[in-house]
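Here is a short note for a colleague who has not seen this structure before. Please keep the view open while reading the points below.

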Amino acid sequence: MGNGRLGQPDPRPEGLLAHARKIAKLAQRATDTVNSSFLIEKTEEQYAFAIQAFDSKYRTREATETRAELEQFRTESGFIIHAAPLLLERSAFRKAFDSLAASNEVGQFFNGTDNIDEIVALARARMRNRDRLAAAEDATRAASCMLWRAHREEEAIVLYNEFTDALVREITINIREGNLYLVAARSKIARKRLLLTGRQDDARRLLVTVSEALEARPMSNPGL
């Protein structure tokens, strides 16, 4: 695959489209960002060939449908790069959530309800309130665990990342305001969450930001 060749597709429009779909399926099963990005690029390229072939034969309807299929693939490509690897059988994220789902840490009910969507909405409402960050963490843990148990894994990943982003925002705001209390402890939690979801660049940026802030205003035990 490294040489950029993925077989010789049938030059007919139908053959080119079938080849694009074949590469798209490979992209959806990619296990890392490098392969995902490569296959996404090849998929888009192959779809473009198919569209050109349909257009050259004045097959407007098929060309339009293929364009729509390409746009749908582009919509899904973000998930392919960032989330699909987390759902692999042996991924650290899956192991962590399988363990959480099997534990008694999260029960059947949260705040008196077992309606998953209500708990998700509650978690998001708490995230928007800086004073309720700890409560948001509890609700997010319950909601994401319940989503996982219900095999709504993609939604669990999204919610997990939303709380991580809320935590990072809070750390950044506290640094900007000069309030370094708990910044070190929260940054450790946030970096672990970022690393678990494969967001290494974000984790490195957070480490640099927090380290620079603490070096400028030393604390007795930063804990980094």
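**Notes on a helix pair and its setting**

1. Start with one contact. From helix α5, Val-120, Arg-124 and Met-127 touch α7. Their partners in α7 are Val-158, Leu-159, Glu-162, Phe-163 and Ala-166. Sorted by class, this contact holds 6 nonpolar and 2 charged residues, with no polar ones. Bear in mind that the model is predicted.

2. Next, the geometry of the pair. Helix α5 covers residues 116-127, and helix α7 covers residues 153-177. Their axes lie 10 Å apart and make an angle of about 15°. Angles under 35 degrees count as roughly parallel, so α5 is roughly parallel to α7. The crossing of α5 with α7 is left-handed.

3. Now the fold as a whole. Which elements make up the protein, and how many helices and strands are there? The count is 9 helices and 0 strands. Along the sequence the pattern reads α-α-α-α-α-α-α-α-α. The helices α5 and α7 described above belong to this series.

4. Contacts along the chain deserve a look too. Take the contacts in the protein with a separation of 6 or more. Of these, 62% join residues 24 or more positions apart.

5. Last, burial and surface. The protein has 224 residues, and 40% of them count as buried. Its accessible surface comes to about 13000 Å². Carbon and sulfur atoms account for 50% of that surface.

Key:
Residues are numbered from 1 along each chain as its sequence is written. This is a predicted model: local features need pLDDT of at least 70, side-chain atom pairs count only at pLDDT 80 or more; totals for chains, interfaces and linings use all residues. Side-chain values use heavy atoms; hydrogens and water are left out. Helices (H or I, at least four residues) and strands (E, at least two) are DSSP runs, numbered from the N terminus. Buried means under 20% relative accessible area, exposed over 50%, partly exposed in between (1.4 Å probe, protein chains only). Contact means heavy atoms within 4.5 Å. Accessible areas come from the Shrake-Rupley method with a 1.4 Å probe; for residues, only the protein chains shown count as cover. Axes are lines fitted to C-alpha atoms, for helices over the stretch in contact, and angles run from 0 to 180 degrees between N-to-C directions. Angles under 35 degrees count as roughly parallel, over 145 as roughly antiparallel, 65 to 115 as roughly perpendicular and the rest as oblique. A crossing is left-handed if the near helix is turned anticlockwise from the far one by less than a right angle, and right-handed if clockwise. Ala, Val, Leu, Ile, Met, Phe, Trp, Tyr, Cys and Pro count as nonpolar, Asp, Glu, Lys and Arg as charged, and the others, Gly among them, as polar.
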